[in-house]
Amino acid sequence: MGITGNTFTRRGFGAMLAAGLLVTGLGACANSDTGGDAGTGGDDKLVLGFSQVGAESGWRTANTTSVKEAAAEAGIELKFDDAQQKQENQIKAIRNFIQQKVDVIAFSPVVESGWDTVLKEAKDAGIPVILTDRAVDSADKSLYKTFLGSDFVKEGRLAGEWLVEETKSATGPVNIVELQGTTGSAPANDRKKGFGEAIAANPNLKIIASQSGDFTRAGGKAVMEQFLKANPKIDVLFAHNDDMGLGALEAITAAGKVPGKDIKIITVDAVKDGMQALADGKFNFIAECSPLLGPQLMDLAKKVHAGEEVPPRIETEETTFTQQTAKEALPTRKY
Ligand code: AHR
């Protein structure tokens with residue numbers, strides 16, 4: 001970032017300092033920098049403002065760790081904000097980052113819509129924005145530089161395809177209940193879509209109830225309890241993440257049913273606890289969603305800060321797990 005009047009770059013300025021042209025007032029001089037590295041105390045670090053969704057799931061905790069570790073590793077100053085799953089908190093955090101003149105803003109939008117105004121404010125301030133993990137539905141793609149994350153529709157589709165294969169010899173109806181993620185979020189919308197499309201050609205596969213458990217264990221448990229009370233015959237649970245599946249597992253056991261057998265459980269994420277449930281035969285299938293976005297995010301932050309072109313969408317490579325492959329993968333699973 002330039003210092004003032006876009007004449008000197010910070011690195012150039014650092015070289016001048018090293019050459020001994022300025023010997024006093026170093027801290028004050030650096031702090032008066034209006035061009036970018038706000039509040040850094042005068043070092044040369046890129047400043048990244050990151051607004052995280054919250055701490056709703058094991059996936060989210062792993063994602064936060066990945067971002068923090070990667071920032072330290074890349075020598076990037078991270079200003080981290082936890083929005084506690086509230087859009088208004090994220091908007092507030094982004095406005096704070098703009099005010100602090102950070103170099104780059106990244107965020108994982110809790111829901112898909114309602115971002116245009118604040119994204120325009122960032123654009124007008126000349127601060128590039130990177131979307132991580134979750135997308136926004138803004139028609140104006142110039143409001144952000146790139147999206148880094150998963151193909152959530154594909155995850156839902158993989159879950160549905162596994163079920164179609166698993167139930168291909170079923171004679172009667174297969175009753176499915178669905179635990180959706182946070183209402184209005186990209187993973188909830190897209191996983192529902194992908195799963196629905198994958199099972200559509202099989203009229204015996206019927207979603208008999210579908211409700212949000214907000215991606216939390218407590219939410220998954222509470223909603224599954226209601227599902228069990230209202231529906232005497234449930235064959236399959238599709239939970240949009242491991243945590244809701246783990247919460248539901250408690251409700252299923254408490255209702256005297258055997259998870260993984262009486263009710264087959266399909267989830268998304270593949271965090272350690274989910275993988276353990278799969279290896280133990282309590283879950284039946286997991287479509288992976290990788291939270292390890294930190295290193296790629298830091299790389300992108302450096303590139304957009306340097307004005308380099310980046311691809312508009314970068315998708316993470318992911319796989320799926322069965323009970324057998326979960327057993328094999330568990331010993332080396334990092335999160
Ligand atoms: O956006 C990714 C999703 O959010 C993960 O699947 C879920 O566990 C998290 O809360």
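This is a short tour of the ligand and its surroundings in a predicted model.

Start by selecting the ligand. Where does the ligand sit? You will find it in the largest cavity.

Next, show the residues that surround the ligand: Glu-56, Ser-57, Trp-59, Arg-60, Asp-133, Arg-134, Phe-152, Pro-187, Arg-191, Phe-215, Asn-241 and Asp-269. Try coloring this shell by class, and you will see six charged, four nonpolar and two polar residues.

Now zoom in on three side chains in turn. Select Arg-60, where a polar side-chain atom is 3.0 Å from an oxygen atom of the ligand. Move on to Asp-133, which has a polar side-chain atom 2.8 Å from a ligand oxygen atom. Then pick Arg-191: an N or O atom of its side chain lies 2.9 Å from an oxygen atom of the ligand. On its own the ligand has 280 Å² of accessible area, and the protein covers 100% of that.

Switch to a cartoon view and highlight helix 3 (58-74) and helix 7 (186-199), since each supplies at least two residues of the shell.

Finally, color domain 1 (10-150 + 291-318) and domain 2 (152-289) separately. Both domains give residues to the shell, so the ligand lies between them.

Notes. Residues are numbered from 1 along each chain as its sequence is written. This is a predicted model: local features need pLDDT of at least 70, side-chain atom pairs count only at pLDDT 80 or more; totals for chains, interfaces and linings use all residues. Side-chain values use heavy atoms; hydrogens and water are left out. A residue is near a molecule or strand if one of its heavy atoms lies within 4 Å of it. A polar contact is a pair of N or O atoms within 3.5 Å; within protein, one must be able to donate a hydrogen and the other to accept it, and residues adjacent in sequence count only if both atoms are side-chain atoms. Accessible areas come from the Shrake-Rupley method with a 1.4 Å probe; for residues, only the protein chains shown count as cover. On a 1 Å grid over the protein atoms alone, a cavity is a set of points where a 1.4 Å probe fits but cannot get out, and a pocket is an open set with protein on both sides within 12 Å along at least five of seven lines; lining residues have an atom within 4 Å of a point. A molecule sits in a cavity or pocket if more than half of its atoms lie within 2 Å of its grid points. Helices (H or I, at least four residues) and strands (E, at least two) are DSSP runs, numbered from the N terminus. Ala, Val, Leu, Ile, Met, Phe, Trp, Tyr, Cys and Pro count as nonpolar, Asp, Glu, Lys and Arg as charged, and the others, Gly among them, as polar. Domain bounds come from an automatic or database domain assignment.
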